[in-house]
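Trainee: I should like to go through this structure with you, one element at a time. May we begin once it is before us?

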Amino acid sequence: MLGLLHDGINRNRRTRLKSEISRLAPWFHNLHMPDGTQTAPDHALGDFPSYKWREIAAFLPEDLTGWSVLDIGCNAGFYSFQLASRGANVEGIDSNLHYLSQAKWASKHFDVKNRVHFEKKTGVRIGPKQKDL
Ligand SMILES: C[S@@+](CC[C@H](N)C(=O)[O-])C[C@H]1O[C@@H](n2cnc3c(N)ncnc32)[C@H](O)[C@@H]1O
């Protein structure tokens, strides 16, 4: 009985998540949400940018705790979330409000929301020692 109730709750959650994803379409980043739902499962470039991240990820330290990262042209925040999940504090900037709304929405679903911050900016002045990556 309790199992059936949980199934129903999970189905409702997934339906709501999918409708929010549709509302925010079109997506350039195929984010994999915590429950496995993808934001752009039919992306023309495949599972983008996960396949690119797999090539880069090995060259970055597993533990980025304390790192300060700037993600320029963050789009829906794929790389920001990956880096924050390794402990970095990430500032994601983009000029496009549509993509920023996707990133801000997604940040509420990932367990890194206190370490990512998204903002509309077209450029930043970076001094020496201000960012680690
Ligand atoms: C081709 S997408 C790349 C997204 C992501 N960096 C990636 O590699 O998957 C380029 C992104 O940069 C943003 N962008 C373009 N010009 C920009 C500018 N001058 N300042 C901030 N963001 C910009 C776009 O809105 C878009 O989200």
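The discussion below takes up the sheet, its helices, the backbone geometry and the ligand shell.

Mentor: This is a predicted model, in which local features need pLDDT of at least 70, side-chain atom pairs count only at pLDDT 80 or more, and totals for chains, interfaces and linings use all residues. Residues are numbered from 1 along each chain as its sequence is written.

Trainee: What is the strand order of the open sheet of three strands?

Mentor: Helices (H or I, at least four residues) and strands (E, at least two) are DSSP runs, numbered from the N terminus. Two strands pair if DSSP finds at least two bridges between them. The pairing in this open sheet is parallel, and the order is S1-S2-S3.

Trainee: Which are the edge strands?

Mentor: An edge strand here pairs on one side only. The two that do so are strand S1 (68-72) and strand S3 (116-120).

Trainee: Over how many bridges do S1 and strand S2 pair?

Mentor: Strand S2 comprises residues 89-94. Within this pairing, Ser68 stands opposite Asn89, and Leu70 has Glu91 as its bridge partner. S1 and S2 run in the parallel sense, and the number of bridges is five.

Trainee: Which residue is the bridge partner of Gly92 in S3?

Mentor: S2 and S3 also pair in the parallel sense, over five bridges. The partner of Gly92 in S3 is Phe118.

Trainee: Through which helix does the chain cross from S2 to S3, and what is the handedness of this crossover?

Mentor: A crossover is right-handed if, with the strands pointing away from the viewer, the path from the first strand over the helix to the second runs clockwise. The β-α-β connection from S2 to S3 passes through H4 and is right-handed.

Trainee: Which side chains of S1 are buried?

Mentor: A residue is buried if 20 or more other C-beta atoms lie within 10 Å of its own, exposed if 12 or fewer, and partly exposed in between, with C-beta atoms placed from the backbone. Side chains alternate along S1: Ser68, Leu70 and Ile72 point to one face and are not buried. Those that point to the other face and are buried are Val69 and Asp71.

Trainee: How many residues of H3 are buried?

Mentor: The buried residues of H3 include Phe78, Tyr79 and Phe81. They pack against H2, S1, S2, H4 and S3, where contact requires C-beta atoms, placed from the backbone, within 7 Å. H3 is mostly covered, and of its eight residues the number buried is seven.

Trainee: Why does Ser107 count as buried?

Mentor: Ser107 is found in helix H4. Leaving aside neighbours within four places in sequence, Ser107 is in contact with Gly77, Lys113, Val116 and Phe118. Ser107 counts as buried because its C-beta neighbours inside 10 Å number 22.

Trainee: Which peptide bonds ending at Pro26 and Pro49 are found in the loop between H1 and H2, and is each cis or trans?

Mentor: Most peptide bonds are trans. Pro26 lies in the loop between helix H1 (2-23) and helix H2 (50-57), and Pro49 lies in the loop between H1 and H2. The bond joining Ala25 and Pro26 has omega of about 5°, and the bond from Phe48 to Pro49 has omega near 0°. Ala25 to Pro26 is cis, and Phe48 to Pro49 is cis.

Trainee: What is the phi of Asn75?

Mentor: Most residues other than glycine have a negative phi. Asn75 is placed in the loop between S1 and H3, and it counts as buried because it has 21 C-beta neighbours inside 10 Å. Its phi is positive, near 55°.

Trainee: How many residues of each class make up the shell around the ligand?

Mentor: Among the residues surrounding the ligand are Pro49, Asn75, Asp94 and Tyr99, a residue being near a molecule if its C-beta atom, placed from the backbone, lies within 6 Å of it. Ala, Val, Leu, Ile, Met, Phe, Trp, Tyr, Cys and Pro count as nonpolar, Asp, Glu, Lys and Arg as charged, and the others, Gly among them, as polar. By class, the shell has three nonpolar, five polar and one charged.

Definitions and conventions:
Contact = placed C-beta atoms within 7 Å.
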